[in-house]
Amino acid sequence: MTLPSFRAVQWAPDGALRIIDQRLLPGEFVERDLRSVVDVADAIRTLAVRGAPAIGVAAAMGIVAAADAERASGFLADIGALRRFVYDAAAALQSTRPTAVNLFWALDRMRALLDAAHIDVLTLAAALRAEAEAIRAEDEAMCEALGRHGATLLKDGMRVLTHCNAGALATAGIGTALAPVYAAHAAGLRVEVFADETRPLLQGARLTAWELTRAGVPVTVITDGTAASLMGAGRVDLVLVGADRIAANGDAANKIGTYALAVLAKHHKIPFVVVAPSSSVDAQTASGEAIPIEQRDATEIAQLGERRVAAAGATVYNPAFDVTPAALITHIVTEDGVLCAPYHFDRATLSLPPA
Ligand code: MRU
């Protein structure tokens, strides 16, 4: 009965950003220490670090790690230079991935510190590090709360279906959608997980299965297309997924294929639950139609590794996310508790930081 003890994002002893390189899992466990904006942006873009909360935390910590490395080399000696560096770094990191709102939320928090008047360079550097650490620590705490609240939906013997990876690897803590599973498991409940392999980058087969097996949670990997027949056979009791962005009306963007699961769950009368921290809520976006969906490279679908599998001449369409309408979502679990439809998110109902 163990909770994940590894951390997808953390501080290295010298203050660098330390990530687990998720491109190499499950074959190799490699941690990388990042000290430049270029390296942090590349890690986010190439999914070395991934999952909505982890991206936001990594961006905030990455700015600090990069700024401190520059200062250690004798640059950014005056406050103007440090301010410009942080603005430029935030702009660069913001352009890496468009869908997970956690990235923009974290970068806004870092930028907000730059407006303070009459501050010297050392005080600003310390404030930036403290804010990045607060973002990291809050995410860890929110994961714990998601687990506590979400576990109230789980009963002994339940079979949970999940999609992509919304576990510890996707956050600074124990995960979002997998947090209730870990909490229930730690409390002694027998919970079994079906993990969609999650085409095309296989976050379910590679990452969800890796972290659940390490924690001793029984997990069965299925192809994405198996979910329907599994539900039809009465072998799924609950669907738990994460979210990259939840609009004010409860529409939720998550890994491509999540919407299909929600439709299937509705048809089979299985509760479909989104588990996400308030940092994934975008109260400024009225509904899912306005959520920007990341389009990724065609090779992710057209190739298996280096080998081309799609017929030459075929066009590839590779959106990384889809939007599940709120009407299909039985509950949204946040760190504040288990919510029911109709959903309406604004800054007053969730513990979002001031605008
Ligand atoms: O492209 P990825 O691997 O970053 O996509 C991740 C997901 O879709 C997760 O389900 C989502 O970020 C929620 S993670 C806690």
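Colleague: What makes Pro200 and Lys255 part of the lining of the second largest cavity?

Modeller: A lining residue needs an atom within 4 Å of a point of the space, on a 1 Å grid over the protein atoms alone. By that test, the lining is Pro200, Leu201, Gln203, Lys255, Arg296, Glu300, Asn318, Pro319 and Ala320. Mind you, this is a predicted model: local features need pLDDT of at least 70 and side-chain atom pairs count only at pLDDT 80 or more, while totals for chains, interfaces and linings use all residues. Residues are numbered from 1 along each chain as its sequence is written, and side-chain values use heavy atoms, without hydrogens and water.

Colleague: Why is it called a cavity and not a pocket?

Modeller: In a cavity a 1.4 Å probe fits but cannot get out, whereas a pocket is an open set with protein on both sides within 12 Å along at least five of seven lines. The structure holds two cavities of 30 Å³ or more, and the second largest has about 40 Å³. A volume here is the space filled by probe spheres set on the grid points, which are joined across faces, edges and corners.

Colleague: And how much space lies in the largest cavity?

Modeller: About 200 Å³. It is lined by 24 residues, with Arg50, Gly51, Ala52, Asn165 and Asp244 closest to its centre.

Colleague: How do you know where the largest cavity lies relative to the domains?

Modeller: Domain 1 (9-143) and domain 2 (148-349) both give residues to its lining, so the largest cavity lies between them. The domain bounds come from an automatic or database domain assignment.

Colleague: What makes Arg97 a polar contact of the ligand?

Modeller: A polar contact is a pair of N or O atoms within 3.5 Å; within protein, one must be able to donate a hydrogen and the other to accept it, and residues adjacent in sequence count only if both atoms are side-chain atoms. A polar side-chain atom of Arg97 lies 2.8 Å from a ligand oxygen, so the pair passes the cut-off. Asn254 passes too: an N or O atom in its side chain is 2.7 Å from an oxygen atom of the ligand. The protein covers 100% of the 410 Å² of accessible area that the ligand has on its own (Shrake-Rupley method, 1.4 Å probe; for residues, only the protein chains shown count as cover).

Colleague: Which residues are closest to the ligand?

Modeller: Arg50, Ala52, Arg97, Asn254 and Lys255 are the closest of the 18 residues that surround the ligand, each counted for a heavy atom within 4 Å.
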